[in-house]
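This report looks at pairs of charged side chains and at where they sit. Please keep the sequence and the structure in view while reading.

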Amino acid sequence: MWAAAAGVTGIALLATACGSSDSGSGEPAADGDEQITLTIGTFNEFGYEELIPEYESLNPNIKIEHKKAATADEARANINTRLAAGSGLSDIEAVEVDWLPELLQYPDKFTDLTSDEVEGRWLDWKSAQATDPEGRLLGYGTDIGPEAIAYRADLLEAAGLPSDRESVAALFGGDDATWDKFFEVGKQYTAATGKPFYDSAGAIYQGMINQVEAAYEDPDTLEITAADSAEVKDIFTTVLNASTQDKLSAGFAQWSDDWQSAFQNDGFAVMLAPGWMLGVIEGNAEGVTGWDIADVFPGGGGNWGGAFLTVPTQTEHPEEAKALAAWLTAPEQQIKAFKSKGTFPSQVEALSSQDLLGQTNAFFNNAPTGEILANRAAAVTVTPFKGPNYFAVNDAMGSALTRVDVEKTDDIDTSWTKFVEAVKALG
Amino acid sequence: MVTSTTPKLDRRPSRSQDREPRRLGFGQRLGRWDVKLSPYLYISPFFILFAIVGMFPLLYTAWVSMHQWHLIGGQGEFVGMENFLHVLQQPPFWKALRNTFSIFLLSSVPQVLLAITIAAVLDANLRAKTFWRMGVLLPFVVAPVAVSLIFGKLFADQSGLINAVLGGIGIEPIRWHADVLASHVAISSMVNFRWIGYNTLIFLAAMQAVPRELYEAAILDGAGRLRQFFSVTVPMLRPTIIFVVVTSTIGGLQIFDEPRLFDQFGLGGGDRQWMTVTMYLYEIGWGSQKSFGRAAAVAWILFIIILVIGLINFSITRRIASDSAPKSRKKQKR
C-alpha cells in the first residue's frame, strides 16, 4: 500500500514544486559556450555504448548520461510514474512500440519532433506508429524487428528434413510460406523425432497476431474488440491445438529459466527470430553449434517489436535533446548500433546500405543476417493497429496462452473464457 | 522511572513556597516552560515526520480512492465508494487475498518457530559464537532480487535443482509455477530464507536477557533441556514473540518482491496462482488499468485487513502474556 501512497504523495508534492514548462521550444540551441548535460533513458540493448562518447566528442559542450533499464517493462513503469509525477524523466526516453500508444494519448507530454531534416528517414509504417492523429511526430524510430526463422540445422537433419538455408526456406514454402505449412513441417519433425518443434506457443502467437491489422481494438472508436474477435480466437485455438494436441511446443514461457536452459539441451528445433532475438539466442545457446537462419517467414513478413526515442516536454533542453535523438536515429549511427547489438535499423537509407547488407553472423553458420533481415523487413506488408489498450490486452492474452501451453492448468476453452473476463475487467 | 521522579516534583513547590518573596524572573519562567514543554519538543520530530510521511499519505490515499484517478491523466470525478465496490467484485482480488494469506501463513508460522529454535541453539555454549550468530544474519543481507534469482533457478519446473533431486529419489517433479500450493511453498521458502536469521537474532537478544538463575533453579528442580526451553525460555520470551508476530504479520500481508520476481512476467502466474494483494494493487495502478483510484481502494482495504489482523493478533498474544505476567514480573524485580 505504501507504493500507492508514495506515488500519490509524489504528485501532491511535485504538483506545487514544478510549474510546467509551457514555453515549449523557445530556447535556442546552445552553440559552443554553454555546458549542458543531457540524459537518455533506454532499456535492454540499444547499442549506444560507443555512439554516446562519439557524440560528446563531436559536441564538446554536451555531456550525456545514459540510464539503462534492464527490461522494457521496467522502463515503462518508470516513464508512467514520472509522467504522473510531472518530473524526473530523462531528456530523451526510449519507448517500445507496444506501449507507445498508451503514451500517445497524452501528446502534450512529448515534444513534437517533426522536422524537414528527418522527413522520409524511416519506413512509412515505422514513422506512422509514432504519429498522433494531428500529424505530429512524437518519436524517432530506432530499430525494428523483422522476423525470420532461426533453426537448428543438426536437429532438422536428424529428423530427415533438409537443413541448409535455401532448402529450409523452401521447406516452409519460400515466398508463399503459410502458417499451415509451418505447422505441417512441425508435425513431420515431431513425428520423426518425438521431440517438440518450437519453443513456446506464446512466441508463435506473437508472430501470427502481428500480422492482423486490428487485432484487439477498433481503430476508429478505440473500443476493445479482442474478446469478440473471431480472428483472435481462431489464432488462439490454432496455436494451442498445434502446441498441445500435436505437441509441437516445448511448453516454455519465453525468458523463463527453463526456456533459457533448454537452449543447452536441444529443447526445440525452431524459433521465430526478429533481429534482436539473434543476440538472445547466441547468448543462451553459447557453445551449441548448428544454429542457422532461413530467409522465410510464414504468412508473408512480420515485425515483432522495435522502439522509438521521444523527448518529453519535461526536458529543459528540448532542442539539444531533439538534435541528439535525430543523430542517434540517423542511418549511419543505426548501422553501427546494429553491428554492436543486432538492433535492426528502421531507416530507409540504412536498409540498402552495403555496410548493412554485407553483415554476416558467425554464430549462425555465417548466415548473411544483414541481407536476410533486410529482405524480411521489405516483406512486411501489414502494420497492426495498436491502441491505448493493446499492451494490457496482450498481457491478458499472454496469461491465457501460459495457462494452456506452459502451466497446463486449463484447457483451451476455459482459458479463453478467463481471457474474456480479464479483458472485461479493463473497462 | 515514574515512581522515582514524583517525590522530587512534590518537594519542589514546597521549597519555592518558602522563598515566596522572590520575584519570578524571566529565566525562571522559561525554566518552568522548559520542564513542561521540552519533553514534547524532544519527541515531536517523530510525530511531525509521521504526520508527513505516514498520516498524510494515508488520508490522501483515502481521498484518491473516492475518485476516478488516472495514473497520467490525474484526478477525475468523485465516485464515492464505487472503486471499493468494483475491487470487491473482482475475482482476482479474492484470489489475491487467498494467496496473500496462504503465503503469509506458510512463511510466518515456520519462520517464528524455526527462529526460536535456532536462537535456543545459538544461546547454548558454543565455540566461535559470534561466527555462528553473524552467519544466520547473512541471508538477510542478500538483496531480495538476488534471492529471487537464485531460488528461481532452484525452483525452475524442468531444469531446477530441486526437481532434479526429487527425480533422483523417484519423486515426480513438482510443478512449482503451475500448482497453487507448490508456488506458495516456493515463495514462502524465499521469504523464510531471508527473515529467519533476522528474527533469530531478535529472539537471541531476548534470550540473553533471561536471568541465568532461572535456569539454575530449573536444573535444581530436575528439568531437562527441553523442559527448560518450554517452561522457562518460551514464557520469558513472550513480549518478544508478540513483537515478532506483529511485525511479520505486517510484512507478510504486504509481500511483493518475492512473488513478483518468481517468474519473468511479474503478474503472479497465468492463472494468478501466486498474485498477492500488493501485486494486484500494482497491476491496477501501474499495469493494465492505470487506475490510481482503484489501486488506492485496494491499498485501503489492505490497510484495514492488516489493522484487523493486527488487533486480533494483539489480543490473543496479550492474553497469553498476561497469564504469565505476575510470575515473570516478580522474577524480574528480584
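Is Glu134(A) buried or exposed? In this predicted model, Glu134(A) has a relative accessible area of 63% and is exposed, whereas its salt-bridge partner Arg136(A) is partly exposed at 25%. Side chains of opposite charge can pair when their charged atoms come close. Over all chains, a search of the whole structure finds 23 salt bridges, and three of these pairs are set out below.

| Salt bridge | N to O distance |
|---|---|
| Glu49(A) and Lys68(A) | 2.8 Å |
| Arg136(A) and Glu134(A) | 3.2 Å |
| Asp123(B) and Arg212(B) | 3.8 Å |

In the pair of Glu49(A) and Lys68(A), Glu49(A) belongs to the loop between strand 1 (36-43) and helix 2 (51-58) of chain A, while Lys68(A) belongs to strand 2 (residues 62-69), so the salt bridge ties together parts that are 19 residues apart in sequence. Glu49(A) is partly exposed at 35% relative accessibility, and Lys68(A) is also partly exposed, at 41%.

In chain B, Asp123(B) forms a salt bridge with Arg212(B). Because Asp123(B) lies in helix 4 (residues 91-123) and Arg212(B) in helix 9 (residues 212-220), this pair ties together parts that are 89 residues apart in sequence. Asp123(B) counts as buried, with a relative accessibility of 15%, whereas Arg212(B), at 40%, counts as partly exposed.

Salt bridges can also be followed from one residue to another: Arg403(A), Asp410(A) and Lys418(A) are linked with Lys95(B) and Asp271(B) in a network of salt bridges.

Technical notes: Residues numbered from 1 in each chain as written. Chains lettered and ligands numbered in written order. Predicted model: local features only at pLDDT ≥ 70, side-chain atom pairs only at ≥ 80, totals over all residues. Heavy atoms only, no water. Salt bridge = Lys/Arg side-chain N within 4 Å of Asp/Glu carboxyl O. Helix = DSSP H or I, 4+ residues; strand = E, 2+ residues; numbered from the N terminus. Buried < 20%, exposed > 50% of the residue type's maximum accessible area, 1.4 Å probe, protein only.
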